[in-house]
Amino acid sequence: AVMLTLTPNAVTAIRSLTSQQELPAETGLRIMSQGEGTTSFQLALTEGPVAGDQVVEEGGARVFVEPTAAPVLDDKALDAQVTEQGDVAFSLAERGA
């Protein structure tokens with residue numbers, strides 16, 4: 001099955017977010033759809049996947065994709081940029097772009 005892919009930048013960013021000591025080992029980044037037919041998504045750290053989530057693991061980074069978001073994200077790559085303030089900004093790109 002085709003699934004969301006993670007860029008090396010995203011893998012690094014997710015690992016740094018989820019490696020905080022107070023978080024459980026299963027912690028990952030969950031991507032949720034903001035509603036039917038929208039292309040905006042909500043990202044949140046969660047302690048594990050919810051039933052039905054698609055789990056993407058790459059290089060030690062875990063991403064959980066909500067079922068309604070999964071079909072929209074199948075051909076996308078999750079990327080991350082660190083801003084000058086040190087915040088992580090995630091973005092979705094067409095794969096191969």
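## Strand pairing and core of a predicted model

In S6, leucine 78 is the bridge partner of leucine 6. This is a predicted model. The leucine pair is a good place to start reading it.

**The sheet**

Strands S1 and S6 run parallel and share 2 bridges. S6 covers residues 76-82 and also pairs with S7, this time antiparallel, over 7 bridges. Together, 3 strands make an open sheet with mixed pairing, in the order S1-S6-S7. The edges are S1 (5-6) and S7 (88-94), each of which pairs on one side only. Helix H1, residues 8-18, packs on this sheet. H1 touches S1, S6 and S7, and its direction makes about 65° with that of S6.

Two cross-strand positions help to set the register between S6 and S7. Aspartate 79 has serine 91 in S7 as its bridge partner. Alanine 77 stands opposite alanine 93, also in S7. The three residue pairs of the sheet named so far are listed here.

| Residue | Partner | Strand of the partner |
|---|---|---|
| Leucine 6 | Leucine 78 | S6 |
| Alanine 77 | Alanine 93 | S7 |
| Aspartate 79 | Serine 91 | S7 |

What links S6 to S7? The two strands form a hairpin, with 5 residues between them. Glycine 86 sits in the turn and has a positive phi of about 90°.

Is S6 mostly covered or mostly open? S6 is mostly covered, with 5 of its 7 residues buried.

**The core**

The largest nonpolar core contains 18 residues. Leu4, Leu6, Val63, Val65 and Leu78 have the most contacts inside this core. Leu6 and Leu78 are therefore familiar names: they are also bridge partners. Several elements feed the core. H1, S2 (28-33), S5 (61-65), H2 (70-73) and S6 each supply at least two residues. H1 gives the largest share, 4 residues.

Valine 65 shows how the chain comes together. Beyond its neighbours within four places in sequence, valine 65 is in contact with Leu4, Ile31, Asp53, Gln54, Val56, Ala70 and Leu73. Of these partners, Ile31 falls within S2 (28-33), while Ala70 and Leu73 fall within H2 (70-73).

**The whole chain**

The protein has 2 helices and 7 strands. Along the sequence they follow the pattern β-α-β-β-β-β-α-β-β. The radius of gyration is 13 Å, close to the 13 Å given by the globule rule for 97 residues, so the protein is as compact as a globular protein of that length. Its C-alpha atoms fill a box of roughly 35 × 30 × 25 Å along the principal axes.

How much of the protein is buried? Of its 97 residues, 35% count as buried. The accessible surface comes to about 5,700 Å², and carbon and sulfur atoms account for 51% of that area. Among contacts between residues at least 6 apart in sequence, 52% join residues at least 24 apart.

Key: Residues numbered from 1 in each chain as written. Predicted model: local features only at pLDDT ≥ 70, side-chain atom pairs only at ≥ 80, totals over all residues. Heavy atoms only, no water. Pairing = 2+ DSSP bridges. Contact = heavy atoms within 4.5 Å. Axes fitted to C-alpha atoms, helices over the stretch in contact; angles between N-to-C directions. Rg over C-alpha atoms; globule rule 2.2 N^0.38 Å. Buried < 20%, exposed > 50% of the residue type's maximum accessible area, 1.4 Å probe, protein only. Areas by Shrake-Rupley, 256 points an atom, 1.4 Å probe, with all protein chains shown as cover. Core = buried A, V, L, I, M, F, W, Y, C linked by side-chain atoms within 4.5 Å.
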